[in-house]
Amino acid sequence: MEIGMVGLGRMGGNMAHRLVNAGHRVLAYDRDEAAVAASQAIGASGVASLEALAEKLTAPRAVWVMLPSGQPTDATIQSLGSILQRGDVVLDGGNSYYKDSIRRGEMLASHGIEFLDVGSSGGVWGLVHGYALMVGGKADVVERLEPIFHSLAPSEDSGYAHVGPMGSGHFVKMVHNGIEYGLMQAYAEGFELMAAKEEFDLDLPKIAESWREGSVVRSWLLELTAAALKEEPGLESLRAYVDDSGEGRWTVHESVELGVPAPVITLSLQQRFRSRQEEPFGARLLAALRNQFGGHAVRRTEG
């Protein structure tokens with residue numbers, strides 16, 4: 001099968017590589033010429049513009065967009081709406097907000113162009129292990145492009161699902177990432193607790209490794225935990241600064257809108273916010289209040 005790939009960052013480039021390895025014809029475009037050259041080195045056909053991509057693809061065309069959420073994806077899909085023709089398909093495999101995906105799909109539909117939102121999980125390991133794909137859109141369009149999804153998924157019968165109508169793919173991926181926040185936070189808290197029990201001198205890399213088989217908390221995230229601790233048991237080279245890319249916030253917003261409690265996901269997001277603060281004002285106010293009402297000692301800043 002033939003597909004155009006727009007956006008050849010690490011994940012997009014790996015997806016193109018996996019598709020080429022599976023025997024698909026991939027036409028690749030990125031504003032970064034080096035990324036296009038790298039895709040050509042693994043067997044894709046590079047093009048210099050979106051217009052050239054559309055010209056070289058056979059109708060009905062399928063164009064997979066793999067760009068950062070927000071303006072880059074918006075601008076590219078807007079451009080494709082004026083370049084592609086009725087019956088063509090745009091797939092957004094990035095981490096877009098599902099309401100944006102619905103809006104973009106409706107815009108493309110006004111031009112007779114189909115749209116699939118494809119929640120994609122697998123990160124930098126997807127090239128080797130495959131990607132979990134959560135696809136939203138019309139059933140007949142999804143079915144037509146199933147060879148692509150099966151090639152990207154871990155196997156023919158795992159890791160891919162048509163989850164519902166337009167917007168549902170990115171909605172499910174949003175919740176998936178919210179769950180990921182909670183799981184990561186639980187591992188972080190558990191291992192911090194064990195590290196604090198100094199009299200036991202616990203071997204954290206060994207413990208993480210032992211949990212990988214048979215344990216009810218085994219997971220791929222635990223495997224990554226074991227790998228990180230094996231590489232640097234004390235994690236001394238890392239700052240305790242944890243960013244977020246948006247999906248956790250969207251999940252928490254949705255829980256408020258729907259009135260569905262999500263305390264673990266919400267608290268894990270708040271912990272990420274706290275990790276970015278040095279000497280947070282709230283913690284200093286807590287110290288001041290204890291001093292005010294109880295005369296408890298406080299630690300003063302130098303100078």
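This dialogue works through several features of a single-chain model, from the whole fold down to individual residues.

Student: Before looking at details, what should I know about the model, and how many helices and strands are there in the chain?

Tutor: Keep in mind that the model is predicted. The chain contains 14 helices and 8 strands, and its C-alpha atoms fill a box of roughly 75 × 40 × 40 Å along the principal axes. Of its 303 residues, 41% count as buried, while the accessible surface comes to about 16,900 Å², with 55% of that belonging to carbon and sulfur atoms.

Student: Among contacts between residues at least 6 apart in sequence, what share joins residues at least 24 apart?

Tutor: That share is 65% in this chain. A single example can be found at Gly164, which lies in strand β8, residues 160-164. The C-alpha atoms of Gly164 and Ala139 are separated by 8.3 Å, although the two residues are 25 apart along the chain. Once neighbours within four places in sequence are set aside, Gly164 is in contact with Val135, Gly136 and Gly137.

Student: Does Gly164 count as buried or exposed?

Tutor: The cut-off for buried is under 20% relative accessible area. Gly164 has a relative accessible area of 15%, and therefore counts as buried.

Student: How should I read the length of a helix, and what span should α5 have?

Tutor: The general idea is to compare the distance between the end C-alpha atoms with the span expected at 1.5 Å a residue. Helix α5, residues 98-109, has 12 residues and should span 16 Å, and its end C-alpha atoms are 16 Å apart, so the two values agree. Helix α14, residues 281-294, has 14 residues and reaches 20 Å from its first C-alpha to its last, close to the expected 20 Å. After α14 comes Gly295, with a positive phi near 65°.

Student: Which residues of α5 are buried, and what do they pack against?

Tutor: The buried residues are Tyr98, Ser101, Arg104, Gly105, Met107 and Leu108. They pack against α4, β5, β6, α9 and α12. As a general guide, an α-helix has 3.6 residues a turn, so residues three or four places apart point the same way.

Student: Which residues form the nonpolar patch on the surface?

Tutor: The patch is formed by Phe281, Leu285, Leu286, Leu289 and Phe293, which together have about 580 Å² of accessible area. Phe293 is found in helix α14. Exposed means over 50% relative accessible area, and Phe293 counts as exposed because its value is 65%.

Student: How do I read a polar residue such as Asp88, and where is its place in the chain?

Tutor: One can ask how accessible the residue is and which atoms its side chain reaches. Asp88 sits in the loop between α4 (71-83) and β5 (89-92), and it is buried, with a relative accessible area of 0%. Its side chain reaches the backbone nitrogen of Arg61 at 2.8 Å, and the side chain of Asp88 also reaches the backbone nitrogen of Gln85 at 2.8 Å. Leaving aside residues up to four places away in sequence, Asp88 touches Pro60, Arg61, Ile113 and Glu114.

Student: Which backbone atom does the side chain of Thr251 reach?

Tutor: The side chain of Thr251 reaches the backbone oxygen of Met174, at 2.9 Å. Thr251 belongs to helix α12, residues 247-258, and is buried, with a relative accessible area of 7%. Beyond four places in sequence, Thr251 touches Met174, Val175, Gly178 and Ile265.

Note on methods: Residues are numbered from 1 along each chain as its sequence is written. This is a predicted model: local features need pLDDT of at least 70, side-chain atom pairs count only at pLDDT 80 or more; totals for chains, interfaces and linings use all residues. Side-chain values use heavy atoms; hydrogens and water are left out. Helices (H or I, at least four residues) and strands (E, at least two) are DSSP runs, numbered from the N terminus. Buried means under 20% relative accessible area, exposed over 50%, partly exposed in between (1.4 Å probe, protein chains only). A polar contact is a pair of N or O atoms within 3.5 Å; within protein, one must be able to donate a hydrogen and the other to accept it, and residues adjacent in sequence count only if both atoms are side-chain atoms. Contact means heavy atoms within 4.5 Å. The expected span of a helix is 1.5 Å times one less than its number of residues. Patches are made of residues with over 30% relative accessible area and no salt bridge: like charges are joined within 9 Å, nonpolar side chains (Val, Leu, Ile, Met, Phe, Trp, Tyr) within 5 Å. Accessible areas come from the Shrake-Rupley method with a 1.4 Å probe; for residues, only the protein chains shown count as cover. A salt bridge is a side-chain nitrogen of Lys or Arg within 4 Å of a carboxyl oxygen of Asp or Glu.
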